[in-house]
Amino acid sequence: GTSTMVLCSNDDGSNNISSSNMKTALSASKSIDDPMNILQHNPSLPFPESALKHDTYNGVTLDVTKVPQLSDSSVTDSSTFGEMLSHALNIWSDEGRRGIWIRIPTSHAHLIGAATKLGFDFQHAEPGTCVLTKWLPKDSESRLPNGPSHQVGVGVLVLHPLTGKMLAVQERTGPAAARKLWKMPTGLTDPGEDIAAAAIRELKEETGLDVEFDKIICFRQAHGGLFNRSDMFFVCLCKLAPKYETLVKQGGEIELLPQEEEILCADWIDMEDYAVQGVWTQSPLYKEMNRAMINAARKGIEYSSSEDGDEAHGFVSKVLPVGFRPGENAIYVSSKL
């Protein structure tokens, strides 16, 4: 359910939250992470309490690996599981439960059929496990979220500390390789990986260079990709580690180590030459992206950490504590704010 915060109007026309409603609102917000507000385990259920996790949306998640009656290979367990699950669904329906989630690892894949016969469907799958869901209320459409809908990619813009040229690569395979296209190092984020960390990792993997994340210059959203997923692509400006600037000032050269499996070659090229490659000039989308990159780079002089950083545009990363629960999140905010 949802909570309502009531505003009380004062004689001067201003609005304040009444003390009683403030207490209600604070109590409601606390319930987000308060396990005391979750119904206790029903001993009539055929599954042990250790196999069930109750959430604050009045849903239940079942972990079949924690059910002693189910082995990891017996075919007869499928019918046993079906009977247990059917009984549990009746209890959960009587309790007013809403979304039921079942996590099934590959070792227990023989149980999937029993679940689908009872109306469960796939929510998402990944190597080693799949998740099935069922919405119990008969008088409303499912409010359960869809499976993963987006993939997140990064492109890394790195500038030579003296020449201002950008680092570009040619790939061994893929559509860019077919066009013999120079492109910035790119890649997908790993699960649980921040955009800033992904940019640093991808650049290291593809060229061997160490960099510091500076900011997000721009990002592109696309739809209809692999498995009909949408794609979020973030162009990140990264700054070479200080050791490289010291090296080139002493007359040395920055060694590029292209990733043998994926990268054919890597080199420093003028940004203007990069931007006038045929495929880019034919695309209004990439012309705009390249324009944003050139404007943000400003010949490699202005980074967010520099004295002239107030003139730089983009989204800088801040990793901050969540506060009301353990952990930290990364937030990307405009460097102009």
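These legends go with four close-up views of a predicted model.

**View 1. The second largest pocket and what lines it.** Start with the space itself: the second largest pocket holds about 770 Å³. Its lining is made up of 32 residues. If you want to find the middle, look for P175, K183, T186, R220 and Y286, which lie nearest the centre of this pocket. The lining is a mix, with 14 nonpolar, 11 polar and seven charged residues. Several elements chip in with at least two residues each. Among the strands that do this are β8 (150–158), β10 (186–188), β11 (211–222) and β12 (230–240). The helices α4 (175–178), α8 (278–281) and α9 (284–297) do so too.

**View 2. Strand β9, wrapped up by its surroundings.** Here we zoom in on β9, which covers residues 166–171. Six of its six residues are buried, so the strand is largely enclosed by the rest of the structure. In a regular strand, side chains alternate between the two faces of the sheet. In β9, M166, A168 and Q170 point one way, while L167, V169 and E171 point the other way. Whichever way they point, all of these residues are buried. What does β9 pair with? Strand β13 (residues 263–269) runs antiparallel to β9, and six bridges join the two. To pick out one of the pairings, find Q170: its bridge partner in β13 is C265.

**View 3. D231, a buried residue in strand β12.** Next up is D231, which sits in strand β12. Is D231 buried or exposed? Its relative accessibility is 12%, so D231 counts as buried, the cut-off being under 20%. Leaving aside residues up to four places away in sequence, D231 touches H150, Q151, R220, Q221 and A222. One of these contacts, R220, has already turned up in View 1 as one of the residues nearest the centre of the second largest pocket.

**View 4. Cysteines without a disulfide.** How many disulfides does the model have? The count comes to zero. Take C218, which is in no disulfide: the nearest cysteine sulfur belongs to C236 and is 9.3 Å away. C218 has a relative accessibility of 16%, so this residue counts as buried. Why is C236 not bonded either? The closest cysteine sulfur to that of C236 is in C238, at 5.9 Å, which is too far for a bond; a disulfide needs the two sulfur atoms within 2.5 Å. C236 counts as buried as well, because its relative accessibility is 0%.

Key:
Residues numbered from 1 in each chain as written. Predicted model: local features only at pLDDT ≥ 70, side-chain atom pairs only at ≥ 80, totals over all residues. Heavy atoms only, no water. 1 Å grid on protein atoms, 1.4 Å probe; cavity = no way out; pocket = protein on both sides within 12 Å on 5 of 7 lines; lining within 4 Å. Points joined across faces, edges and corners; volume = space filled by probe spheres on them. Helix = DSSP H or I, 4+ residues; strand = E, 2+ residues; numbered from the N terminus. Nonpolar A, V, L, I, M, F, W, Y, C, P; charged D, E, K, R; others polar. Buried < 20%, exposed > 50% of the residue type's maximum accessible area, 1.4 Å probe, protein only. Pairing = 2+ DSSP bridges. Contact = heavy atoms within 4.5 Å.
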